[in-house]
Amino acid sequence: MSSDKGKDIASEGSSRSYAASGRGGEGSQHDLAQHQRQQQAHPQPALSRYESQKRRDWNTFCQYLRNQRPPVSLHECNASHVLDFLRYLDQFGKTKVHLQGCGYFGQPEPAGPCTCPLKQAWGSLDALIGRLRAAYEENGGSQETNPFASGGIRVFLREVRDSQAKARGIPYKKKKKKRNTAGGMMMKGGEGSGFNSQ
């Protein structure tokens with residue numbers, strides 16, 4: 001429904017631009033109708049879920065840089081700005097990360113509530129960095145200067161992963177790569193099912 005509204009607004013804007021161009025009479029109405037048919041014949045392809053999320057993440061990061069005092073331009077952005085952004089995002093986290101002094105520290109299923117902070121989950125931060133690394137290069141940044149691909153970011157993510165694993169009592173296991181064998185596909189866990197039994 002909202003896409004139809006967007007089309008209406010777009011075609012309305014087109015009508016205004018044709019009317020504003022000073023063309024009057026029958027010819028301009030024919031041109032307008034032809035222009036509207038062309039717009040409907042070549043709609044913009046819908047973005048995938050990943051591409052939509054990547055665009056939202058990129059816009060959020062750029063807005064974060066603009067909100068800094070003083071504002072930071074993209075070519076001035078470095079790994080320390082990215083680390084500050086990741087720490088800033090913790091305030092919106094939904095993952096309970098128990099502190100060292102908490103009675104539930106290291107327990108995967110705590111028996112009750114506690115006052116430990118909510119943070120961004122490691123997996124969410126890792127996926128976010130992957131999307132932002134791709135978006136940076138798609139928006140004109142060079143691979144060599146990509147702040148999202150710096151060693152400092154990898155170290156930070158590893159530390160977050162390890163500390164959250166200890167605090168939540170949930171070990172993160174590195175995914176095994178699938179490999180071909182003589183008898184067919186070898187799946188995760190060594191069996192043909194592709195599912196880990198836990």
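Reader: Where does Gln 164 lie?

Author: In this predicted model, Gln 164 is part of helix α6.

Reader: Is Gln 164 buried or exposed, and why?

Author: Gln 164 counts as buried because its relative accessibility is 3%, and the cut-off for burial is under 20%.

Reader: Which residues are in contact with Gln 164, leaving aside its neighbours within four places in sequence?

Author: With those neighbours set aside, Gln 164 is in contact with Val 97, Gln 120, Ala 121, Trp 122, Gly 169 and Tyr 172. Trp 122 also appears in the lining of the second largest pocket, among the residues that lie nearest its centre.

Reader: What else lies nearest the centre of that pocket?

Author: Besides Trp 122, the residues nearest the centre are Asp 126, Arg 154, Leu 157 and Arg 158, and the lining has 14 residues. The volume of this second largest pocket is about 290 Å³.

Reader: Which helices supply the lining, and how do its residues divide?

Author: At least two lining residues come from each of α5 (122-138) and α6 (151-168). By class, the lining holds 6 nonpolar, 2 polar and 6 charged residues.

Reader: Take Arg 154, then. Where does Arg 154 lie, and what does Arg 154 count as in terms of accessibility?

Author: Arg 154 belongs to helix α6. Because its relative accessibility is 48%, Arg 154 counts as partly exposed. Its C-alpha atom is separated by 9.5 Å from that of Ile 129, and these two residues are 25 apart along the chain.

Reader: Changing topic: how many residues does the largest nonpolar core have?

Author: The largest nonpolar core has 25 residues, and those with the most contacts inside it are Trp 58, Phe 61, Val 82, Leu 86 and Phe 148. Helices α3 (49-67), α4 (79-89), α5 and α6 each supply at least two residues of this core. The largest share, 7 residues, comes from α5.

Reader: And what is Val 82 in contact with, outside its neighbours within four places in sequence?

Author: Beyond those neighbours, Val 82 is in contact with Phe 61, Cys 77, Ile 129, Pro 147, Phe 148 and Ile 153.

Reader: Which residues of α4 are buried?

Author: In α4, the buried residues are Ala 79, His 81, Val 82, Leu 83, Phe 85, Leu 86 and Leu 89. Their cover includes α3, α5 and α6.

Reader: What about Ala 79: which contacts does it have beyond neighbours within four places in sequence?

Author: Ala 79 sits in helix α4. Outside those neighbours, Ala 79 is in contact with Pro 147, Ser 150 and Ile 153. The C-alpha atoms of Ala 79 and Ile 153 are separated by 6.8 Å, although the two residues are 74 apart along the chain.

Reader: Which peptide bond is cis, and where is Pro 70 found?

Author: The bond from Arg 69 to Pro 70 is cis, with omega near -5 degrees. Pro 70 is in the loop between α3 and α4.

Reader: Finally, the whole protein. How many helices and strands are there, and how do they run from the N terminus?

Author: The protein has 6 helices and 4 strands. From the N terminus, the order is α-α-α-α-β-β-α-α-β-β.

Reader: How much of the protein counts as buried, and what does it expose?

Author: Of its 198 residues, 25% count as buried. The protein exposes about 14,300 Å², of which carbon and sulfur atoms supply 51%. Among contacts between residues at least 6 apart in sequence, 53% join residues at least 24 apart.

Notes. Residues numbered from 1 in each chain as written. Predicted model: local features only at pLDDT ≥ 70, side-chain atom pairs only at ≥ 80, totals over all residues. Heavy atoms only, no water. 1 Å grid on protein atoms, 1.4 Å probe; cavity = no way out; pocket = protein on both sides within 12 Å on 5 of 7 lines; lining within 4 Å. Points joined across faces, edges and corners; volume = space filled by probe spheres on them. Nonpolar A, V, L, I, M, F, W, Y, C, P; charged D, E, K, R; others polar. Buried < 20%, exposed > 50% of the residue type's maximum accessible area, 1.4 Å probe, protein only. Contact = heavy atoms within 4.5 Å. Areas by Shrake-Rupley, 256 points an atom, 1.4 Å probe, with all protein chains shown as cover. Core = buried A, V, L, I, M, F, W, Y, C linked by side-chain atoms within 4.5 Å.
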